[in-house]
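User: Please take a close look at a single site on the surface of this model, and set it against the chain as a whole. I would like one connected account that moves from the overall fold to that site.

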Amino acid sequence: GGGGTAVYISPTNLLAAQTHRAFARVVGSRAVLLSASPGRGPASLGPGSVLVSTPGVLKHMSGLRPVMICVDEEQRYGRALKSSLEAQGAKVLYATATPIPRTALLGGAEYEEVKLEP
């Protein structure tokens, strides 16, 4: 498949590693875990790649132009990070499992609640 790169931002290295394993089961080697430790990095990205990382590592990646960004546990991040992500021109999806009415009221963004049964 074609397409650009998608980025999934996790709040911790542990959650990033778990999320990477889940993506790898679906997209195989197109799932790339980018961490502070040596390994595969942006040079490994091809069409249809899913880059999984934390915000601390991503801030060092200039030139990455993803088509979609998913931010897990969005309430952990400040407005500056969110603004910089939105400025990249990608579609941005903010996700959280924590109900935060204040975030919805202050953010001015559209949102939809999705409930999944176990």
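Analyst:
**A surface valine and the interior behind the fold**

In this predicted model, buried residues make up 33% of the 118 residues in the chain. The chain contains four helices and five strands, and these follow one another along the sequence in the pattern β-α-β-β-α-β-α-β-α. Among contacts with a separation of 6 or more, 50% come from residues 24 or more positions apart. The chain exposes about 7700 Å², of which carbon and sulfur atoms supply 57%.

The site to examine is V67, which lies in the loop between α2 (55-58) and β4 (68-72). Is V67 buried, partly exposed or exposed? With a relative accessible area of 46%, V67 is partly exposed, and this value therefore clears the limit of over 30% that applies to members of a surface patch. V67 does belong to one: together with M68 and L93, V67 makes a nonpolar surface patch of about 250 Å².

The surroundings of V67 bring together parts of the chain that are separated in sequence. Leaving aside residues up to four places away in sequence, V67 touches G4, T5, A90 and K91. A similar point can be made with Q88, which is 21 residues from V67 in sequence, while the C-alpha to C-alpha distance between V67 and Q88 is 8.9 Å.

One of these contacts leads from the surface into the interior, since A90, which V67 touches, is a member of the largest nonpolar core. That core has 12 residues, including V7, I9, V32, L51, I69, V71, L85 and A90, and β1 (6-9) and β4 each supply at least two of its residues. In soluble globular proteins, nonpolar side chains tend to be buried together. Within this core, L85 touches I9, I69 and V71, and L85 also touches V92, again not counting residues up to four places away in sequence. A second, separate core of seven residues includes Y8, A16, V27 and A31.

The strand pairing shows how L51, another member of the largest core, is placed among its partners. Four bridges join β1 to β3, two strands that run parallel, and V7 has L51 as its bridge partner in β3. Strand β2 (residues 31-33) also runs parallel to β3 and is joined to it by three bridges, with V32 standing opposite L51. Strand β3 (residues 50-53) is covered on both faces, as V50 and V52 on one side and L51 and S53 on the other are all buried.

A useful counterpart to V67 is H20 in helix α1 (residues 13-27). H20 has a relative accessible area of 18%, and because buried means under 20%, H20 counts as buried. Not counting residues up to four places away in sequence, H20 touches A31, V32, L33 and V52. Among these contacts, V32 is listed in the largest core, A31 is part of the second core, and V52 is one of the buried residues of β3.

Taken together, V67 sits in the loop between α2 and β4, is partly exposed at 46%, and shares a nonpolar surface patch with M68 and L93, while its contact with A90 links this site to a member of the largest nonpolar core.

Notes
Residues numbered from 1 in each chain as written. Predicted model: local features only at pLDDT ≥ 70, side-chain atom pairs only at ≥ 80, totals over all residues. Heavy atoms only, no water. Patch = residues over 30% accessible without salt bridge, like charges linked within 9 Å, V, L, I, M, F, W, Y side chains within 5 Å. Areas by Shrake-Rupley, 256 points an atom, 1.4 Å probe, with all protein chains shown as cover. Salt bridge = Lys/Arg side-chain N within 4 Å of Asp/Glu carboxyl O. Buried < 20%, exposed > 50% of the residue type's maximum accessible area, 1.4 Å probe, protein only. Contact = heavy atoms within 4.5 Å. Core = buried A, V, L, I, M, F, W, Y, C linked by side-chain atoms within 4.5 Å. Pairing = 2+ DSSP bridges.
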